Amino acid sequence: MSFVNRRKQRIAERSRRRSEEGNFEYVFLAIVAMGMLALGVVMVFSASLARAYFENADGYYYLKRELFFAVFGVAVMYGMAKYDFTRLRKMAPVLMAISIALLIIVLIPGVGVSANGARRWLGAGLATFQPAEFAKLAVILFVASVMSARPRLLVSLRDMALPVLAVPVFACFLVLLEPDMGTAITLGVTVAGMLLVAGVSLRVLAPPAAVAAFVILVSVTFSPHQMDRITAFLDPWKDATGTGHQIIQSWVAIGSGGLSGVGLGQSVQKFNYLPESHTDMIFSIISEETGILGAMLVIAGFIAFAYIGCRIALKCHYRFGKFVAAGITSMLVGQAAINLCAVTGLLPLTGVPLPLVSYGGSSLIVVLASIGILLNIAVNPRGKIAAAPQKKNKAVQSRDRGRRDGRAPGAGARSRRRAHG
Amino acid sequence: MPVLADPNRRIRFTLFLFLLVFIAVIGKTVYLQTVKAEEFSAKASEQQVKEFTFPARRGTIFDRNGHELAVGEEAKSITADPFYIENPLETAEFLAPLLKVDQKELLEKLSSREKSSSVYLARKIDPATAAIIEDAHISGLWMHSEEKRRYPQKQVAAQVLGFAGTDNQGLAGMELQLDEYLTGTGGSQRIVFDPAGNQIETLSLEEGSRGTDVTLTIDQALQFEAEKVLSETVSQWSAKSAACIIMNPKNGEILAMANVPTVDANTFSQISEDQRRNRTVVDTYEPGSIFKAVTVGAGLEVGAVAPGQTYYLPTTLELGGRTIKDAVDRGEVDWDLGQILVHSSNIGAVTVGMRTGEAQLDEWIRRFGFGSPTGIDFPGEEIGIVWPPEDWSESTIGNVPIGQGLSVTAVQMAAAYSTIANNGIAVTPRLVRAIGDEPVASAEGRRIISEQNSRQLRSYLQMVVEEGGAPLAQIDGYHVAGKTGTAQKLLPDHSAYSDEDYIGSFIGMVPASDPQLVVLVMVDEPHPFGGGGTVAAPAFQKITQFSLQKMEIAP
C-alpha cells in the first residue's frame, strides 16, 4: 500500500515537471504537424479545385471534406495527446483483433466498398473509413506491446516468429488482398523500423527481410500491373503516354515549377494532366505552384518530423513508449520518404500518400491520432524516469532506471509483474 | 547468443537512414527544378498550351466606283485534337453527315493518338452547321472564326480578280498581285487547355489588323456589258472564246478586261486552269492584220513612207519562195497608206515593211512595246515572241509586217493602239486605281511616235471604219478609228496555218479626233468563217457604245 502511495506521489511530482521535460518536443511537434496540415489543406484545395468542379460541380467539394477530416482529426489528436498512452498497452491485442476482423470484413463483397478495382472502404459518405489505415496504428501498438512485454523473444527469429511477426504479416497479407500495395509496404517499413529500434540483431532480421524481398520479387513478376510500375520506373519514356505517364507528368509538374513556381493556385498539371494530383501526387503540385521554396519546405517539415519523432523515442525511457514512438515515426516518415521518392522518380509508384499533406479521410485521422499519441509520449511521466531530479534518492533512481531502460530486460519484466501483482 | 542492440543507437541509425533518403529526394527535386526546369517547362507548355492563329480579315476589292468585287465573309472552321476525343466512332458518326464527308476518313482523322496533333476537319462551314456542332459540346473539337472570300458579282471580272485560297492568301489574279496589301496582320491566341480540351485560360490574344482595301480601275458596269456582249458573240459564232480590253489611252487605266466563257469566281478552285486564265495578259497570239497599223506607223516614223504618196502594189509578191496575196483578189493598183489599211492589203503592208527595212521595222515593233512586258500590274504577264532580224529568213519580211511570225498579247496590242490614240505617248496599262486611300499614280508616258504621225495614223484608221473596212464598227454620233484583224491560227503542230481556225479581232478608238477609249475585241475560232470586221466589229460597236454612254463621253 505504501508502495502504491509512494508511486502516486512520484507521478504527481513528475507531472508538474513534464512541461519542462518534454515541452520542446511537444510544442515543436505540434507546430510542425499543424503547419504541415495547414499546408496540406491549402494545397489539397488548390489541387482538387478543377477536379472537384468538373466531377461534382462544386469546386469546394474536396476542401470541405478535407476540412471536416482535419478538424475531426485534430480533435482526435488533442484527445490522444491528453490520453495516457500507457493504457493503450493493454488494449493493443484487442485493437489488433478488431483491426484484423475489419480487414477481413472489408474483403467481403457487398460489405466492403470497392473503387478503382480495390475493395478498401467500409461505411458510406463522410463515415467511410479504410480498415487498413486503422491497422497501421493497431500493428504499431501490438508489436510495441509484445516487444516491450517479452523482450527475450527478440533474440531469435524462431522465438519471435509467432508472437511478434505472425500477426503483422497476416495483416499485411489481408491488406494485399484488397489490394493496397502502398499500405502493405508502409506496414512492412513500420514493423522493420520497430524491430530495428528494438535492437534486434541484424543477423536475425536478415532472413525475414530476404523472404520479404523474395515475396515482393515473385509477386511483381506475376502481376502485370506491378511489372508495369517497375518498367515505368526504369524507363518512363518508353511508354510515355501509358505506364510512364504518371511519373512523367509528375516531373513536368515539378520541373515546370522551377525555382519560383508558377504561383499558388496556378498549376495547370492539376487539371487532370497529373493523375492523383490532390492525393499521392500533391508534392508535385506543391513544387509546381510554389517552386523550390515550397518543395524544400515540405521536405524540411518531414526531416523535422523525423528528428522530433526520434528525439521523443530516444528520450522515452518506457520501452512500450519508445517502441510506439519509433513505430509512429517510422510509419509517418517512412510513408513520406516512399511518397517523395515515388513522385520524384527515385522509386516506383506504389500509391502511398504523403502524410498530413495528401487528401485523405481515414488516413489523415489515423495520422493525426498517431501524432496525438506521440505528443502524449513526449510529455508522459512514465517516460521520464531517467530525467528524475538529481536531489532524489539515488537508490530509487537507479532501481527505476534498471527497471525501465531495457538494459536488463529480465529484471524489468519481473519487477513489473511484481508491481502489478 | 546474440544480444539486443542499444535501442537509442538504432534510433539514431534510423534517423540517419531517413536523412539519407531525404537528401536524395532534395537532390532529385533540385535537379528537376533547376537543370531540368527548362525542358519540363517546355514540355508543360507543349501539352497544356495551344496556339491558334487566325488570318487577318482580307481587304475588300472595289471597282472604280466603289462596288464590291471581292469581300470577306465570316465563316467557321472546325479542328479536332484526336488525343482529346473520347469516342472517335460516335463523333465521326455525328459529324460525317453534318460536314458531308466520308465517315471512314473522318474516323481515321479522329483516331490518331499522336499527342497534340490538331487536324482540320472542315474549313469555312456555314454558320448553321457550326452552331449544331458547337451545341453538341464534344471534347477535343474546336471552332474558330475564319473568313471566307466571296465574290458578290460572281462572274464579273472573275479571271482578273483571281481568287484567294482557304488560308485567305491570294492565289491568282489581282488577289495574288495585291496580296501584300489585302493580307493584313494575322492575330493569334495562346490558350491553356486541360487534357479533356476544356479551356482554362487565355494567355495572350493578338487581334491583328485587317488588310487594306483596294480599288481597281475596272468599271463593273463596263465589265459586265463587255462580258455579256462577248458571251452573245461566242454563242452566235460558236466560238471557242472571246476577250475584250477597254483602256483609257490617256492614263493607262483598264476599264474592263473580259474573258469569255466567264466563270464564277466563288467556285474558282473547281474551275479548270484553262478557264481561270486572264488570257488578255497571259496568252499570246499571232495578231494578223490588226498589226498593220504598227507597220505603217514604223514606216512613217522612219520616213520610208509618207502620207499622200502612192505605192505600186502588184497582184502577188514572191518572197523567199512564198507567194503573198491580198485577201481579196484585185488587179495591179497604186494605193496610198490609207488605202492600204482600208483594204487591209497584205502586199501593201509588206511593201511598207520592205521600204522601212528589217532592222528599222524590228526596232519600231519593239518601241511600240511588242516583245517586252507592258508592265501591267497583273501577275504572270506574257511578253510574246518577236524574233530579232538576225533570226529572220528570206520570207520573214513577208510575214512580220502583216502580223504573222510573231506573237503578242492582247494587252500589248491595246497598249500599242493607246500610243496611237494618245498622240504618240505610251502609257503603262494598269488595273489598280488606289490602295487604301492612296491613289496609284500613273507612270509618266513615253513618247513613241510623233504627234503628227499619230494623228495621221488615226485618220487612216478612221477611214478604215468609215470608208468600207469595218462598217459594223461605226457608232452613231461618233467618229471611230480602228482596224480589223483576221489572223489564221497555226495548226497545233505549227507546220502551217489552219484554213478553218482563226482569230477575228477589232481594235478601235473613240472619239477619233481625241480618243478617250481604246477597245479591243478578240473572238477565238468563230465558225463559220467571218473576218474580224464581221465577227468582232459588231461586238466592239455594242460594247463601245455602251461605254461611251456610261462614261458620258462627248463625241
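## Arg150(B) and its salt bridge

In this predicted model, Arg150(B) is partly exposed, with a relative accessible area of 32%, and its side chain meets that of Glu73(B) in a salt bridge whose N to O distance is 2.6 Å. Glu73(B) belongs to strand β3 (residues 68-80) of chain B and Arg150(B) to strand β5 (residues 141-150) of chain B, so the pair ties together parts that are 77 residues apart in sequence. The partner, Glu73(B), is likewise partly exposed, at a relative accessible area of 30%.

## Other salt bridges

Over all chains, the structure holds 27 salt bridges. One of them, in chain B, joins Asp274(B) to Arg277(B), with the closest N and O atoms 3.4 Å apart; Asp274(B) is partly exposed, at a relative accessible area of 45%, and Arg277(B), at 26% relative accessibility, also counts as partly exposed. Chain B further contains a network of salt bridges in which Arg58(B), Arg149(B), Glu175(B) and Asp179(B) are linked.

In chain A, Glu133(A) forms a salt bridge with Lys136(A), and the closest N and O atoms of this pair are 2.8 Å apart. Because the two residues are three apart in helix α5 (residues 131-149) of chain A, Glu133(A) and Lys136(A) are separated by about one helical turn. An α-helix has 3.6 residues a turn, so residues three or four places apart point the same way. Both members of the pair, Glu133(A) and Lys136(A), are buried, whereas Glu73(B) is partly exposed.

## Helix α3 of chain A

Helix α3 (residues 61-82) of chain A has 22 residues, which at 1.5 Å a residue should span 32 Å, and its end C-alpha atoms are indeed 32 Å apart, in agreement with that expectation. The buried residues in α3(A) are Tyr62(A), Leu63(A), Glu66(A), Phe69(A), Ala70(A), Gly73(A), Met77(A), Met80(A) and Ala81(A). They cover an arc of only 130 degrees around the axis, which puts them on the same side of α3(A). The elements against which these buried residues pack are α2 (23-56), α4 (88-105) and α13 (362-379) of chain A, while the face of α3(A) turned away from its buried side carries the exposed residues Val71(A) and Tyr78(A).

Tyr61(A) is also found in helix α3 of chain A, and with a relative accessible area of 29% it is partly exposed. When its neighbours within four places in sequence are left aside, Tyr61(A) is in contact with Ala52(A) and Asn56(A). Phe45(A) lies 16 residues from Tyr61(A) along the chain, and the C-alpha atoms of these two residues are separated by 8.8 Å.

## Helix α7 of chain A

For helix α7 (residues 181-197) of chain A, the 17 residues should span 24 Å at 1.5 Å a residue, and the separation of the end C-alpha atoms, 24 Å, agrees with this. α7(A) is mostly covered, since 13 of its 17 residues are buried. After α7(A) comes Gly199(A), whose phi is positive, near 95 degrees.

## A nonpolar patch on chain B

On the surface of chain B, the residues Phe13(B), Phe16(B), Leu17(B), Leu19(B), Leu20(B) and Ile23(B) make a nonpolar patch of about 530 Å². One of these residues, Ile23(B), is found in helix α1 (residues 7-33) of chain B, and Ile23(B) is exposed, with a relative accessible area of 53%.

## The two chains as wholes

Chain A has 15 helices and two strands, and 54% of its 421 residues count as buried. Of the contacts in chain A between residues at least 6 apart in sequence, 71% join residues at least 24 apart. The accessible surface of chain A comes to about 17,900 Å², with 66% of that area belonging to carbon and sulfur atoms.

The secondary structure of chain B, by contrast, comes to 18 helices and 25 strands, and buried residues make up 54% of its 555 residues. Among the contacts in chain B with a separation of 6 or more, 72% are accounted for by residues 24 or more positions apart. Chain B exposes about 23,600 Å², of which carbon and sulfur atoms supply 50%.

Notes. Residues are numbered from 1 along each chain as its sequence is written. Chains are lettered from A and ligands numbered from 1 in the order in which they are written. This is a predicted model: local features need pLDDT of at least 70, side-chain atom pairs count only at pLDDT 80 or more; totals for chains, interfaces and linings use all residues. Side-chain values use heavy atoms; hydrogens and water are left out. Patches are made of residues with over 30% relative accessible area and no salt bridge: like charges are joined within 9 Å, nonpolar side chains (Val, Leu, Ile, Met, Phe, Trp, Tyr) within 5 Å. Accessible areas come from the Shrake-Rupley method with a 1.4 Å probe; for residues, only the protein chains shown count as cover. A salt bridge is a side-chain nitrogen of Lys or Arg within 4 Å of a carboxyl oxygen of Asp or Glu. Helices (H or I, at least four residues) and strands (E, at least two) are DSSP runs, numbered from the N terminus. Buried means under 20% relative accessible area, exposed over 50%, partly exposed in between (1.4 Å probe, protein chains only). The expected span of a helix is 1.5 Å times one less than its number of residues. The arc is that of the directions from the helix axis to the C-beta atoms. Contact means heavy atoms within 4.5 Å.
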